[in-house]
Each structure stands twice: as structure tokens, then as C-alpha cells.
Amino acid sequence: MAASMKGRKCLVIGGCGFLGQHLCEALLEKGWSVQVFDIRSTFEDSRIKFFIGDLCKKEDLKPALEGVYCVFHCASPAPLSNNKTLFYKVNYEGTKNIIETCQEVGVKRLVLTSSASVVYEGKGIRNGKEEELPYASKPLDYYTETKILQEKAVLAANSDDFYTVAIRPHGIFGPKDLQLVPIAVDMAKKGKMKYIIGDGKNVVDFTYVGNVVHGHILAAENLNLGSPICGKAYHITNAEPIFFWTFMTRILTGLDYPAPRIHLPYTLLYILAVIMQFVAWLLSPFITITPSLTPMKVALAGTDHFYSSERAKQDMGYKPIYTLDQGLKLTLESYRHLGKNVITRVIKIT
């Protein structure tokens, strides 16, 4: 049974990030007492108590965890980073330290922000269900590799005294995101968004951040002894699969940039990305190279990958509270300053 969390103290680890900020705002609106732990502070809010530190250090974490009812762990390096050492430190070693420190100070609930990528190997997934999809045996990048280790550690830690759950969002977008929209706009300015990988008919999930936050809060409210969600992972999506390139077109044209129109062969690009990744690995002892094209980027843009949220619906009453259209409208409104016509007008004025 879902419990009221009003007045309860929670800690959002990674609360200064994109998802973390949205989560903090929603928690405050529901009357929770919110604390944030992060490596640095990127915003101010008099209602929030901030703790700055390293999540791999118990001495940094312990003060933030005192008296906390539930921890939300959504800290992670950006998925597009290629820093293997950082991924292992934050996603795996840092998560193990969070688990151990929570147990030492008596915190009983941990909600992890995982990722649907933990079951993705570059092959098409259509309406994927948690119980039917094993972890990827050949992850396409370090992010996925370490998110698998992270999720396994969190779910294995579930016990009669420590309740854990993993939320697997997919394709998160929304205001304040520093990835999807800003990167797409930057590529459009450079003329790199005119291309479509494959036939353009691959169907994917894009999930508005408000729905991801809603899934996290429902998980926390239901995370109690005997709950069916304890020790499990849940896909959280908008439940509105869409052609990948249709979604990207709506983002780009919504900000006055041209739609992608030139098709490139998927297989050729994937092989090229594998070669580029191999060359970067060969040269890594001498020079750091970050390929602009990776197997994961090509696969995500050219294959089906959408997931069922039915288990979340059954076990914790999840259903999207924002439609895809509503999410797109809110997102585009927040990025009007990046619009092509806005930029052109500024240049003319100056």
C-alpha cells in the first residue's frame, strides 16, 4: 500500500542534475522535506538543504543521510561521455558506497534511477517486458556496462531491513536537459542533422521528465516491507512509442531548424562506428579520442527500442501524467532561446 510521504525527509543524490532538479521540485510540491547531495551546487532553493561531497566517501555521505526516510539515487556521468574510469567510480563504486552507508546509518529505502539500456544490445526491442529481457551480455558502451553493475548491486541489496527498487526510464527529455535538445541544436547549426540513419521507421520511447519523476515518487511511496516492488526493476515510459526521426523532426522544426531528410545506410554507419571505436581504443595509451560516431549512438538512432510499463501500472499504479504532445510543448517552450530565428534576430540586432 502506498504511504503518504508528506513531511518525510528524503535525500536526492545527484539532485543538481537534470532529473534531480525536477524530482526535487515535485517532492517539495508534495510537502516532503528535501535534501540534496551532489559534487557541486548548480542552483539555490531556500527550501532545500544542500550537501556537497563525493558519493564514494562515507564521511561525506553520512551527514546527509542522518534521519532520512528514503534516498533517491539519480547521480551519473552523462551517458555520452566515454570516461570508463569515471563511469565505474560513480555508477558502480559510488552506488556500493551509498548502499553500505545507508545500511550503516539505518536508512531503509533506496530508489535507483537505472536505465532501460541495461537490457539493450543494439538489437530491436519492441514492447519489452522486464521479466522477459535479460541484462545485456555485450553492452555497447561503458555507461550501459556500469548501469548493469549498479542495478544488480541495488536489487541484490534488498532485504527485510532495506528496501530497494530500480526505475528504468528511457529517452528522457524536458526543460533543463543539457543533452538531447541542446546537442541536437548544436548539430543542426553544424549541418549534421540533415541525415536519417536507416529507413527512418524505427520506433522508440521518449519519456517526458515529469513522468519519470512521477514513477520515482510512486516507487518511494510503495517501497515498504512486503511490497511487490521490493527488489525489482520497472520500465517507466510515456507509453506512446514514436518513430525516432519523427520525434527528432518535431524538436528541430519546433525550433525553426530544417527536418532531417537524407537517408544513410544503417549497417554501413554501424560498421564505421565500430572501426572508429576500435581505433580510439588502440590509441588510448597515447592520446584520448572521443569518436563523434559510436555503435550505441548509431543503434539508438536506427533500431526499435520501446518498452512496456505494464508491470509498473500493476504493482504501483503508474500511468503517465503528461502526454507526449504536452511534454514536447513544455520542452520547446523552455528552449525558445535556442531557436534558429531567435539566434538570427540577435545577430542582426548586434
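## Cysteines, cores and helix packing in a predicted model

Cysteine 24 is buried, its relative accessible area being 1%. The model that contains this residue is predicted. The cysteine sulfur closest to that of cysteine 24 belongs to cysteine 10 and is 7.3 Å away, which is too far for a bond. Cysteine 70 is likewise assigned to the buried class, at 0% relative accessibility. Its closest cysteine sulfur is again in cysteine 10, at 7.0 Å, and this distance too is too far for a bond. A disulfide is a covalent bond between the sulfur atoms of two cysteines. Counting one requires the two sulfur atoms to be within 2.5 Å, and a search of the whole structure returns 0 disulfides.

The largest nonpolar core holds 69 residues, and the members that touch the most others in it are Phe72 and Phe247. Beyond its neighbours within four places in sequence, phenylalanine 247 makes contact with Phe173, Leu180, Phe206, Ile242, Leu324 and Leu328. Another core, of 25 residues, lies apart from the largest one; Phe37, Ile98, Leu110 and Val154 are among its members.

Helix packing comes next. Helix 3 spans residues 84–105 and helix 4 residues 142–156; their axes come within 9 Å and cross at roughly 10 degrees. The two helices are therefore roughly parallel to each other. On the helix 3 side, the contact is made by Lys84, Phe87, Tyr88, Asn91, Tyr92, Thr95 and Ile99. Helix 4 contributes Tyr142, Tyr143, Glu145, Thr146, Lys147, Leu149, Gln150, Ala153 and Val154. By type, the residues of this contact comprise 9 nonpolar, 4 polar and 3 charged.

Phenylalanine 87, located in helix 3, is buried with a relative accessible area of 0%. Setting aside residues up to four places away in sequence, phenylalanine 87 touches Pro77, Ala78, Pro79, Ser81, Asn82, Tyr92, Tyr142, Tyr143 and Thr146. Asparagine 222 is 135 residues from phenylalanine 87 along the chain, and the C-alpha atoms of the two are separated by 30 Å.

Threonine 113 belongs to strand 5, which covers residues 109–113. Threonine 113 is also buried, with a relative accessible area of 9%. Its contacts, again without residues up to four places away in sequence, are Leu19, His73, Cys74, Lys147, Gln150, Ile167, Pro169 and His216. Of these, Lys147 and Gln150 also appear on the helix 4 side of the contact with helix 3.

The remaining items concern backbone angles. Most residues other than glycine have a negative phi. Lysine 176 has a positive phi of about 80 degrees although it is not a glycine, and aspartate 256, also a residue other than glycine, has a positive phi near 75 degrees. Their positions and accessibilities are set out below.

| Residue | Phi | Loop | Relative accessibility |
|---|---|---|---|
| Lysine 176 | about 80 degrees | between strand 8 (172–173) and helix 5 (180–189) | 38%, partly exposed |
| Aspartate 256 | near 75 degrees | between helix 7 (244–254) and strand 14 (262–264) | 38%, partly exposed |

Definitions and conventions: Residues are numbered from 1 along each chain as its sequence is written. This is a predicted model: local features need pLDDT of at least 70, side-chain atom pairs count only at pLDDT 80 or more; totals for chains, interfaces and linings use all residues. Side-chain values use heavy atoms; hydrogens and water are left out. Axes are lines fitted to C-alpha atoms, for helices over the stretch in contact, and angles run from 0 to 180 degrees between N-to-C directions. Angles under 35 degrees count as roughly parallel, over 145 as roughly antiparallel, 65 to 115 as roughly perpendicular and the rest as oblique. Contact means heavy atoms within 4.5 Å. Ala, Val, Leu, Ile, Met, Phe, Trp, Tyr, Cys and Pro count as nonpolar, Asp, Glu, Lys and Arg as charged, and the others, Gly among them, as polar. A nonpolar core is a set of buried Ala, Val, Leu, Ile, Met, Phe, Trp, Tyr and Cys residues joined through side-chain atoms within 4.5 Å. Buried means under 20% relative accessible area, exposed over 50%, partly exposed in between (1.4 Å probe, protein chains only).
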